[in-house]
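Here are some notes to go with the model, set down in the order I'd walk through it on screen. Have a look at the structure first, then read on.

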Amino acid sequence: MSAQTQSAASSPKFETSDQSPASSLVTSIESAAPSFLSTLPLLENSGIASSVTPACSLEEALRERHSVRSFTDEPLSEPVVEILQAALAQINEETGLAFQLALDEPAALSGFKAKLVKFSGARNYIAAVQPEGKEADEYTGYYGEQLVLLAQQLGLNSCWIGGTYKVVNGVYSITLGQKLALIIALGHGTTQGTPHSSVAPSVISSDYDHAPLWFRQGVDAALLAPTALNQQKFRFALAGNADDGTPLVRASTKRGAFTRVDLGIAKLHFEIGAGDAAFYWA
């Protein structure tokens, strides 16, 4: 069974513990599938997915997805919106996050800051609403990137946006104890973006050169992850074995803007890159 389709009950990769940064946030996680379009755990009987042909595989999405800031005026199709809404609903139900899809809403990215960094035509986005406190940031990154990769498979482009948007009242709901952490722009890009520069694998993992193949592939995939200001402050290390002999992997990050979000994104990439290999997060 691949890493994309294993459930938390059968996979050691996504187990939470008392030491997990978001263990108090998540009450139940029934699936750790990185791609809803590949596995369609809740859409398989809905008929929605049958009207959409994937633009690429999950692995291709990982390699081909790049940040895009300029979008055409082509709207999101109804089947695509239905798939995104269903994926959002599943994430929110399983985690306690409150992600919401804003459609045909240009105000958030029409301000001076957005124009300064050359955003144009952005009218659709995911409002990443989460519980207050940094303990939820990692989960926002992990699950937000699931949606980003799903969007890529649906033929859309995307961009993580942490500080150049305007809060628009009445478009999404933020209740007491919640905050809007960031937004993720979605749409049909005028380009497919360009790859970001990356550090050498040995920079983010001193174990890389002597590690097993699955670990090296996980690190390679993590280096494809988008990060705020291309910081790549996350680190991965082999941390021995659990009592049952399963390898342990420790993921950490240095301090900085959105680095806990970045860590969640990178951990998802690592899991996809590691493929069928079984391991626990230390």
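1. Let's begin with the four-stranded sheet, bearing in mind that this is a predicted model. The sheet is open, its strands come in the order S1-S2-S4-S3, and the pairing is antiparallel. Strand S1 (100-102) and S3 sit at the edges with a single partner strand each, so one side of each has no neighbour in the sheet. From one strand to the next, the twist averages 25°.

2. If you want a place to check the register, try S3 against S4. Strand S4 covers residues 178-187, and five bridges join S3 to this strand, the two running antiparallel. One pair to click on is isoleucine 161, whose bridge partner in S4 is isoleucine 183.

3. Next, the helices on this sheet. Helix H3 (residues 78-95) lies across S1, strand S2 (124-131) and S4, and runs at about 150° to S1. Helix H5 (residues 137-153) lies across S2, S3 and S4, and its angle to S3 is about 160°.

4. Now for the other sheet in these notes. This one is open too, with three strands in the order S5-S6-S7, and its pairing is mixed. Strand S5 (234-241) and strand S7 (280-281) are the edge strands; each has a single partner strand, so one side of each is left without a neighbour in the sheet.

5. Where does the mixed pairing come from? S5 and S6 run antiparallel and are joined by six bridges. Strand S6 (residues 247-253) pairs with S7 in the parallel sense, over two bridges. On the S7 side, leucine 248 stands opposite tyrosine 280.

6. The S5 and S6 hairpin deserves its own point. Alanine 237 has arginine 250 as its bridge partner in S6, while asparagine 241 has proline 247. Five residues lie between the strands of this hairpin, where glycine 245 takes a positive phi near 90°.

7. Two helices go with the three-stranded sheet. Helix H8 (residues 259-274) lies across S5, S6 and S7, running at about 150° to S6. In chain order, S6, H8 and S7 make a β-α-β unit, and the unit is right-handed.

8. Back to the edges for the second helix: S5 and S7 each have a single partner strand. Helix H7 (residues 213-222) packs on the sheet and touches S5 and S6, its direction making about 160° with that of S5.

9. Last, the bit you may care about if you're thinking in terms of volumes. What is the volume of the largest pocket? The figure is about 830 Å³. Its lining has 33 residues, and the closest to the pocket centre are Ser67, Arg69, Trp160, Thr227 and Leu229. Helix H2 (58-64), strand S3 (157-161) and H8 are the elements that give two or more residues to the lining. That puts both an edge strand of the four-stranded sheet and a helix lying across the three-stranded one among the contributors. By residue class, the lining divides into 17 nonpolar, twelve polar and four charged.

Definitions and conventions. Residues numbered from 1 in each chain as written. Predicted model: local features only at pLDDT ≥ 70, side-chain atom pairs only at ≥ 80, totals over all residues. Heavy atoms only, no water. Pairing = 2+ DSSP bridges. Contact = heavy atoms within 4.5 Å. Axes fitted to C-alpha atoms, helices over the stretch in contact; angles between N-to-C directions. Right-handed = clockwise from strand over helix to strand, strands pointing away. 1 Å grid on protein atoms, 1.4 Å probe; cavity = no way out; pocket = protein on both sides within 12 Å on 5 of 7 lines; lining within 4 Å. Points joined across faces, edges and corners; volume = space filled by probe spheres on them. Nonpolar A, V, L, I, M, F, W, Y, C, P; charged D, E, K, R; others polar.
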